[in-house]
Amino acid sequence: MEKLIKRICITAAIAALIAIGTFIYHFGLGFASNIGNWGAVGDFFGGVLNPTFALLSLILIAYTLMQNKKALEQSEKAIEQGTKAIEQNEKALQVSNEELRLTRDELANSSDALKEQANLLAVQSFETTFFNMLVLHRRLIDNFSYDYSSSHEKISKELNIDFYTAGSSKDMKPGVFCVNRLLTAIHEAHKKVDKPQSVIATFNVFYREENKEFGSYFRNLYQILKLIKDSFSNIAIQKKYSNILRAQLSNHELSLLLLNCLCSHVDNGQFKKLVIHFELLEHLDIAYALGNDYIPTFTINNPTLHLTSNEIDRYISTDTSNGNLIKSAFGQNAQIMDYCKFNNLVDQ
């Protein structure tokens, strides 16, 4: 472009010099004598140079248009190439997004699989511990021994009674038979007290002397219940495992459990709360009756233990706002449900 402009300028200068030289050659130098000669001079140079300059301008304009056209075509090609590049980038971005989506889905599936695997391992770990503790539970009850002769004198003195028995001597072998002997001793001692009070008061005395025999049994039982509750938030799963445990408990064990959780020397009620939560006493062999004075009485059978409504009420959770039953350690035990209906805790 610059070369063309220079050439045009040189051509224009040469044309001007030729016109001036020709004029001087024919007419010489000097000023015209009248206005008409001045007009003739102007017409000469205008007639010679104007077409030349116009032609050169036209050539420059045509060249400029051609260059602009080429630049426009190049711009269009560049725009087209840019558009293609953008389309390719969009396709690449779509492919990348799809790959990211597939990767995210794969990671999500992997995460779910890891969670499921972790949950499975947690359940397996729990069940290993749980069933090992059940084995220990059974071993503790099988090794349970009670010989009332070693503490008979201390307990009799504290209760201010002469003596009490503990059933037949044939039940001396370890295990549930000794649990029966202990409950029989508690019942017999309670009957001897001059001013009969709650059987729990009698049990408290036995607890201080005999806890060395059954303390570890109840501590293990408490830890099993706590393990179940702490390991699962789902109530149905908790009940699944607590029912397995409950199936292992004999009526003698349930009776002793009831007394143990009401003892003043045990914890601050945590054990009793777990017994209520898991309804462990549902299958307890207990009878409910109303006396002539409409005072409820409760009798645990095999062996016999008499309980008051106050002791039973401590295993029943009610709504403080309306008095309705929330949960009972006795679950759907028919005898206790009759008592709850009598007290209007449930619908008749």
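**Exercises around Glu279 and its neighbours**

Glu279 is buried, with a relative accessible area of 17%; buried means under 20%, exposed over 50% and partly exposed in between (1.4 Å probe, protein chains only). The model is predicted, so local features need pLDDT of at least 70 and side-chain atom pairs pLDDT 80 or more, while totals for chains, interfaces and linings use all residues. Residues are numbered from 1 along each chain as its sequence is written, and side-chain values use heavy atoms, without hydrogens and water.

**Exercise 1. Place Glu279 in the chain and describe its backbone.**

Step 1. Start with the overall layout: the chain has 10 helices and five strands. These are DSSP runs numbered from the N terminus, with helices (H or I) of at least four residues and strands (E) of at least two.

Step 2. Glu279 sits in the loop between H8 and E1.

Step 3. Its phi is near 50 degrees, which is positive although Glu279 is not a glycine. Most residues other than glycine have a negative phi, and most peptide bonds are trans.

Step 4. For comparison, look at Asn160, in the loop between helix H3 (152-159) and helix H4 (176-192). Asn160 has a positive phi too, near 60 degrees. With a relative accessible area of 58%, however, Asn160 is exposed, whereas Glu279 is buried.

**Exercise 2. Work out why helix H8 is described as largely enclosed.**

Step 1. Count the buried residues: H8 (residues 270-277) has eight residues and six of them are buried, so the rest of the structure largely encloses this helix.

Step 2. Name them: they are Phe271, Lys272, Leu274, Val275, Ile276 and His277.

Step 3. Find the packing partners: the buried residues of H8 pack against H5, helix H6 (235-246), helix H7 (251-262) and E5.

**Exercise 3. Decide whether Phe278 is buried or exposed, and list its contacts.**

Step 1. Phe278 lies in the loop between H8 and strand E1 (286-290).

Step 2. Its relative accessibility is 1%, so Phe278 counts as buried.

Step 3. Setting aside neighbours within four places in sequence, Phe278 is in contact (heavy atoms within 4.5 Å) with Leu225, Ile228, Lys229, Gln238, Lys239, Ser242 and Arg246.

Step 4. Pick out Lys229: 49 residues separate it from Phe278 along the chain, yet their C-alpha atoms are 9.2 Å apart.

Step 5. Now widen the view to the chain: of the contacts with a separation of 6 or more, 67% are between residues 24 or more positions apart.

**Exercise 4. Trace how E1, E2 and E3 are joined.**

Step 1. E1 and E2 run antiparallel and are joined by five bridges; two strands pair if DSSP finds at least two bridges between them. Ile286 has Ile300 of E2 as its bridge partner.

Step 2. Five residues separate E1 and E2 in their hairpin, and Tyr294 in the turn has a positive phi of about 60 degrees.

Step 3. Move on to E3 (305-307): E2 and E3 also pair in the antiparallel sense, over three bridges. Here Ile300 has Leu305 as its partner.

Step 4. The hairpin of E2 and E3 has four residues between the strands, with Asn302 in the turn at a positive phi of about 55 degrees. The peptide bond from Asn302 to Pro303 is cis, with omega near -5 degrees.

Step 5. Check the faces of E2: Pro296, Phe298 and Ile300 point to one face and are buried, while Thr297 and Thr299 point to the other and are not.

**Exercise 5. Do the same for E4 and E5.**

Step 1. E4 (residues 316-318) and E5 (residues 325-328) run antiparallel, joined by three bridges. Thr318 stands opposite Leu325.

Step 2. Six residues lie between the strands of this hairpin, and Gly323 takes a positive phi near 80 degrees.

**Exercise 6. Identify what lines the second largest pocket.**

Step 1. The pocket's volume is about 150 Å³. On a 1 Å grid over the protein atoms alone, a pocket is an open set of points with protein on both sides within 12 Å along at least five of seven lines, and lining residues have an atom within 4 Å of a point. Points are joined across faces, edges and corners, and the volume is the space filled by probe spheres set on them.

Step 2. Its lining residues are Tyr207, Asn211, Gly215, Phe218, Arg219, Tyr222, Asn260, Val266, Asp267 and Phe271. Phe271 also appeared among the buried residues of H8.

Step 3. Helix H5 (residues 199-231) gives the largest share of the lining, six residues.

Definitions and conventions:
On a 1 Å grid over the protein atoms alone, a cavity is a set of points where a 1.4 Å probe fits but cannot get out, and a pocket is an open set with protein on both sides within 12 Å along at least five of seven lines; lining residues have an atom within 4 Å of a point.
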